[in-house]
Amino acid sequence: MTHPEQPNTEPQDEELQENKYLRRIRSFVLREGRLTKGQQRSLDLFWPTMGLEHQATPYDMKAVFGREADLVLEIGFGMGKSLVQMAKAAPDKDFIGIEVHKPGVGACLGEAETEGVKNLRVFEHDAIEILNDSIADNSLSTVQLFFPDPWHKKRHHKRRIVQAEFARLLRRKLKIGGVFHMATDWENYAEHMLEVMKVAEGYSNLSETNDYVPRPDHRPLTKFENRGVNLGHGVWDLMFKKVD
Ligand SMILES: C[S@@+](CC[C@H](N)C(=O)[O-])C[C@H]1O[C@@H](n2cnc3c(N)ncnc32)[C@H](O)[C@@H]1O
């Protein structure tokens with residue numbers, strides 16, 4: 001992979017510059033998977049009530065959900081089954097899912113409708129852009145990142161979503177006391193997550209052993225996790241609290 005292009009103008013603001021860098025190296029490759037009829041139908045029927053569009057200013061989530069509640073944001077929910085399960089199990093919280101894969105978004109909307117889940121809204125967009133533009137600072141009580149694309153090859157590690165800049169971005173968006181919860185079945189990525197978060201300012205590791213935490217009961221097994229477990233993979237959960 002070639003190095004990212006250098007900007008042709010002087011950065012005016014270091015943070016803005018960092019975010020542009022994050023946007024340039026994306027953590028996903030958009031697969032134009034075909035929508036099933038059911039997914040298309042769910043998008044047609046339920047996007048108007050459950051879908052949120054990217055916008056350049058932060059949403060007022062109290063207005064979106066019609067109440068004030070803890071906000072849980074999940075990045076890369078895949079087909080959305082475990083996200084819907086979590087939202088159903090915690091009706092006192094509001095959930096925001098972000099996924100770039102349209103069939104997954106359609107599947108998630110259909111699942112939410114089937115399960116009668118009302119406390120969930122969904123973006124079909126790059127999570128980095130949504131966090132930067134459409135989510136208010138100090139507004140999230142939890143950020144969930146479950147089984148992100150591991151980018152196995154060393155030369156692709158820069159595409160992993162968990163990086164120092166990403167940790168800083170989430171610190172801005174989390175409330176004090178808010179938690180960033182990651183899980184992966186790829187040991188090398190777990191180690192990478194730990195290295196990044198150990199030196200990230202403003203967080204405290206919730207692990208008693210200063211590394212990983214047991215899977216909390218509120219996290220259901222995800223689709224990718226099940227696949228990994230069947231292949232004999234281990235699973236590592238990491239939880240970091242924003243302390244300042
Ligand atoms: C390996 S899958 C895991 C899906 C799900 N969390 C699970 O455990 O079954 C990773 C997902 O993250 C999504 N993704 C990767 N980068 C993303 C980004 N920047 N914004 C939104 N979604 C992203 C991909 O489209 C993919 O569906």
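**Exercise 1. Place D126 in this predicted model and describe its surroundings.**

*Solution.*
Step 1: locate the residue. D126 sits in the loop that links β4 (120–124) to α6 (127–134).
Step 2: check its exposure. The relative accessibility of D126 is 7%. Buried means under 20%, so D126 counts as buried.
Step 3: list the contacts. Setting aside neighbours within four places in sequence, D126 touches R26, F28, I98 and V100.
Step 4: look for a polar contact. The D126 side chain comes to 3.0 Å from the backbone nitrogen of I128.

**Exercise 2. Which residues carry the UniProt feature "binding site", and why can they be said to gather at one spot?**

*Solution.*
Step 1: read the record. The unreviewed UniProt entry places "binding site" at E74, E99, D126 and D149.
Step 2: compare sequence with space. The four positions span 76 residues in sequence, yet no two of their C-alpha atoms are more than 14.2 Å apart, so they gather at one spot.
Step 3: check the pocket. E74, E99, D126 and D149 are part of the lining of the largest pocket.

**Exercise 3. Where does E74 lie, and is it buried or exposed?**

*Solution.*
Step 1: find the element. E74 belongs to strand β2, residues 71–75.
Step 2: read the area. E74 has a relative accessible area of 2%, so it is buried.
Step 3: name the packing partners. Not counting residues up to four places away in sequence, E74 touches L83, M86, I96, G97, I98, Q144 and F146.

**Exercise 4. How many residues surround the ligand, and which polar atoms of G76, F146 and T222 approach it?**

*Solution.*
Step 1: count the shell. The ligand is surrounded by 19 residues. The closest are S27, E99, D126, F146 and T222.
Step 2: take the ligand nitrogen contacts. A backbone N or O atom of G76 is 2.8 Å from a ligand nitrogen atom. A polar backbone atom of F146 also lies 2.8 Å from a nitrogen atom of the ligand.
Step 3: take the ligand oxygen contact. T222 places a polar side-chain atom 2.6 Å from an oxygen atom of the ligand.
Step 4: assess the cover. On its own the ligand has 610 Å² of accessible area, and the protein covers 95% of that.

**Exercise 5. Describe the backbone angle phi and the setting of N138 and W151.**

*Solution.*
Step 1: take N138. Its phi is positive, about 55 degrees, although N138 is not a glycine. N138 lies in the loop between α6 and β5 (140–146). At 48% relative accessibility, N138 is partly exposed.
Step 2: take W151. This non-glycine residue has a positive phi near 45 degrees. W151 is in the loop between β5 and α7 (164–173). With a relative accessible area of 17%, W151 is buried.

Note on methods: Residues numbered from 1 in each chain as written. Predicted model: local features only at pLDDT ≥ 70, side-chain atom pairs only at ≥ 80, totals over all residues. Heavy atoms only, no water. UniProt positions renumbered as here; feature names shortened; annotations may be inferred. 1 Å grid on protein atoms, 1.4 Å probe; cavity = no way out; pocket = protein on both sides within 12 Å on 5 of 7 lines; lining within 4 Å. Helix = DSSP H or I, 4+ residues; strand = E, 2+ residues; numbered from the N terminus. Buried < 20%, exposed > 50% of the residue type's maximum accessible area, 1.4 Å probe, protein only. Contact = heavy atoms within 4.5 Å. Polar contact = N/O pair within 3.5 Å; in protein donor to acceptor, adjacent residues only side chain to side chain. Near = heavy atom within 4 Å. Areas by Shrake-Rupley, 256 points an atom, 1.4 Å probe, with all protein chains shown as cover.
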